[in-house]
Amino acid sequence: MRGLNVPSFYKNMTFKEKVHTLLAEGLLEKPSIFLIDLIVTDAFKVIVTLDGDNGVALQDCIDVSRYIDSNLDREEQDYSLEVASVGVGSPLKLVRQYKKNIGRTLIVKTGSEIIEAELVDANDDFVILSWKEREPKKIGKGKETVQKELKLPYVDIKEAIVTVTF
């Protein structure tokens, strides 16, 4: 580690463990930014994907990248580093992402159906979705619009994507 007094525990860590530790340290200064994914390939390509409670600014990615880069030694292990924000249309992976998207419309895939609905609430165990649907009238002919609501545990969600309206 370039120009630093390297703690002894760093010496026994794998490259991925070092990156993960440095990433956690770098994110301590940015409590609204959180890790979505960390990939370290066999060729030592490091791919960090971030999200934030209020989005991720380019400067956030630059700061995290610099923190990791300045604390790794390319002489010890050559690597490439890519730090980016989660893309529009990427599936939600963490409860924290669901919570920050309350009030937005999601397309949610379960084991048996695809639902496009407003995310009304999210807690640590489940989400509550709300949408309008046309159903046959209970009495008489024709259809009527009814309000549906579903309490859906995270374990039943195969994929959820925030819809983007332009």
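A salt bridge here is a side-chain nitrogen of Lys or Arg within 4 Å of a carboxyl oxygen of Asp or Glu. Asp51 and Lys100 fit that rule, their side chains meeting at 2.8 Å, N to O. Asp51 sits in strand 2 and Lys100 in helix 4 (residues 95-100), so this pair ties together parts that are 49 residues apart in sequence. Keep in mind that what you're looking at is a predicted model.

Now step back to the overall layout. The protein splits into domain 1 (15-87) and domain 2 (92-162). Between their C-alpha centres there are 33 Å. Where they touch, domain 1 brings 12 residues to the contact and domain 2 brings 5 residues.

How much area do domain 1 and domain 2 bury between them? The figure is about 630 Å², with 47% of it on carbon and sulfur atoms. As a rule, interface size is often quoted this way, as the accessible area lost when the parts come together. On the domain 1 side, look for Phe34, Ile36 and Asp53: this trio accounts for 63% of the area that domain 1 buries against domain 2, more than any other three residues.

Asp53 has another part to play. It forms a salt bridge with Arg96, and the closest N and O atoms are 2.8 Å apart. Across the interface of the two domains the rule picks out 3 salt bridges, and there are 5 residue pairs in polar contact. For context, a search of the whole structure turns up 11 salt bridges.

Which strands supply at least two residues each to the side of domain 1 that touches domain 2? They are strand 1 (33-40) and strand 2 (45-52). Strand 1 gives the most to that side, with 5 residues. Sorted by character, the residues on the domain 1 side come out as 6 nonpolar, 3 polar and 3 charged.

Finally, turn to the aromatic rings. The count comes to 3 aromatic pairs. Take Phe15 and Phe44: their ring centres lie 5.2 Å apart and their planes stand at 85°, so the pair is edge-to-face, given that planes over 60 degrees apart earn that label. Phe15 belongs to helix 2 (residues 15-28), while Phe44 is in the loop between strand 1 and strand 2, so to speak a link between distant parts of the chain, 29 residues apart.

Notes:
Residues are numbered from 1 along each chain as its sequence is written. This is a predicted model: local features need pLDDT of at least 70, side-chain atom pairs count only at pLDDT 80 or more; totals for chains, interfaces and linings use all residues. Side-chain values use heavy atoms; hydrogens and water are left out. Domain bounds come from an automatic or database domain assignment. Contact means heavy atoms within 4.5 Å. Buried area is the accessible area (1.4 Å probe) that two parts lose on being put together, summed over both. A polar contact is a pair of N or O atoms within 3.5 Å; within protein, one must be able to donate a hydrogen and the other to accept it, and residues adjacent in sequence count only if both atoms are side-chain atoms. Helices (H or I, at least four residues) and strands (E, at least two) are DSSP runs, numbered from the N terminus. Ala, Val, Leu, Ile, Met, Phe, Trp, Tyr, Cys and Pro count as nonpolar, Asp, Glu, Lys and Arg as charged, and the others, Gly among them, as polar. Rings of Phe, Tyr and Trp (its six-membered ring) pair if their centres lie within 6.5 Å; planes under 30 degrees apart count as stacked, over 60 as edge-to-face and the rest as tilted.
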